[in-house]
Amino acid sequence: MPSRVDALKRAKDLVAALEAMEEYQVPQEWFSFHEETKDLISRRGRGREQLAYSVPEELALRERVALYCVENENPGAGNLVAAVLDAFLRSHGYPPPSKPTKS
């Protein structure tokens, strides 16, 4: 039976290999926000709704989002969360509902 030390070393080796991969060095190359979403969150006065979900404390999401906002021209935590969730859902086949066409 493999030991925890062996498993930890394999995990660290995997992380190092992933971090060394070129496509993970520039986030814009592997993850980008949809143009419609960028436009929508850049405008003021848009209707907003609250999302309240419990997430694991160990992920320190609140602190990491705040740090990202401080270091990246403060896009706003809500805008960042909206854009990331939208990109994830679109990539998995869940686009926003279609707007009704005006006749």
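L40 sits in helix α3. In this predicted model, L40 is partly exposed, because its relative accessible area of 38% falls between the limits for buried and exposed. Along the chain, L40 and N79 are 39 residues apart. In space, their C-alpha atoms are separated by 9.4 Å.

Helix α3 spans residues 35-42, and helix α5 spans residues 77-91. The axes of α3 and α5 come within 10 Å. They cross at roughly 160 degrees. An angle over 145 degrees counts as roughly antiparallel, and α3 and α5 are therefore roughly antiparallel to each other. The crossing of the two helices, α3 and α5, is right-handed.

The overall fold is helical in its listed elements. The protein chain has five helices and zero strands. Read from the N terminus, its elements follow the order α-α-α-α-α. The chain holds 103 residues, and buried residues make up 7% of them. Burial here requires under 20% relative accessible area.

The charged side chains come next. Side chains of opposite charge can pair when their charged atoms come close. The structure contains four salt bridges. One of them joins the side chains of D13 and K9, with an N to O distance of 3.0 Å. Both D13 and K9 belong to helix α1, which covers residues 4-20. The two lie four residues apart, about one turn of the helix. D13 has a relative accessible area of 42%, so it is partly exposed.

Another salt bridge lies in helix α3. There the side chains of E35 and K38 meet at 3.2 Å, N to O. E35 and K38 are three residues apart in α3, again about one turn of the helix. E35 counts as exposed, because its relative accessibility of 55% is over the 50% limit. K38, at 39% relative accessible area, is partly exposed.

A further salt bridge links two helices. The side chains of E36 and R90 meet at 3.8 Å, N to O. E36 lies in helix α3 and R90 in helix α5, so this pair ties together parts that are 54 residues apart in sequence. R90 counts as partly exposed, at 22% relative accessibility. The pairing extends to D86: salt bridges that share partners join E36, D86 and R90 into one network.

Helix α5 also contains L85. This residue, L85, has 39% relative accessibility and so counts as partly exposed. L85 and F33 are 52 residues apart in sequence. From C-alpha to C-alpha, L85 and F33 are 9.6 Å apart in space.

L85 is also one of the residues of a nonpolar patch on the surface. The patch is formed by L51, Y53, V55, L59, L61, V81, L85, F88, L89 and Y94. Together, these residues have about 990 Å² of accessible area. Which helix gives the most to the nonpolar patch? Helix α5 does, with four residues.

V55, another member of the patch, lies outside the helices. V55 is placed in the loop between α3 and α4, the latter being residues 61-71. V55 counts as partly exposed, with 48% relative accessibility. Its value is over the 30% that a patch residue needs.

The loop between α3 and α4 also holds A60. Most residues other than glycine have a negative phi. A60 is not a glycine, yet its phi is positive, at about 50 degrees. A60 has a relative accessible area of 25% and is therefore partly exposed.

Key: Residues are numbered from 1 along each chain as its sequence is written. This is a predicted model: local features need pLDDT of at least 70, side-chain atom pairs count only at pLDDT 80 or more; totals for chains, interfaces and linings use all residues. Side-chain values use heavy atoms; hydrogens and water are left out. Patches are made of residues with over 30% relative accessible area and no salt bridge: like charges are joined within 9 Å, nonpolar side chains (Val, Leu, Ile, Met, Phe, Trp, Tyr) within 5 Å. Accessible areas come from the Shrake-Rupley method with a 1.4 Å probe; for residues, only the protein chains shown count as cover. Buried means under 20% relative accessible area, exposed over 50%, partly exposed in between (1.4 Å probe, protein chains only). Axes are lines fitted to C-alpha atoms, for helices over the stretch in contact, and angles run from 0 to 180 degrees between N-to-C directions. Angles under 35 degrees count as roughly parallel, over 145 as roughly antiparallel, 65 to 115 as roughly perpendicular and the rest as oblique. A crossing is left-handed if the near helix is turned anticlockwise from the far one by less than a right angle, and right-handed if clockwise.
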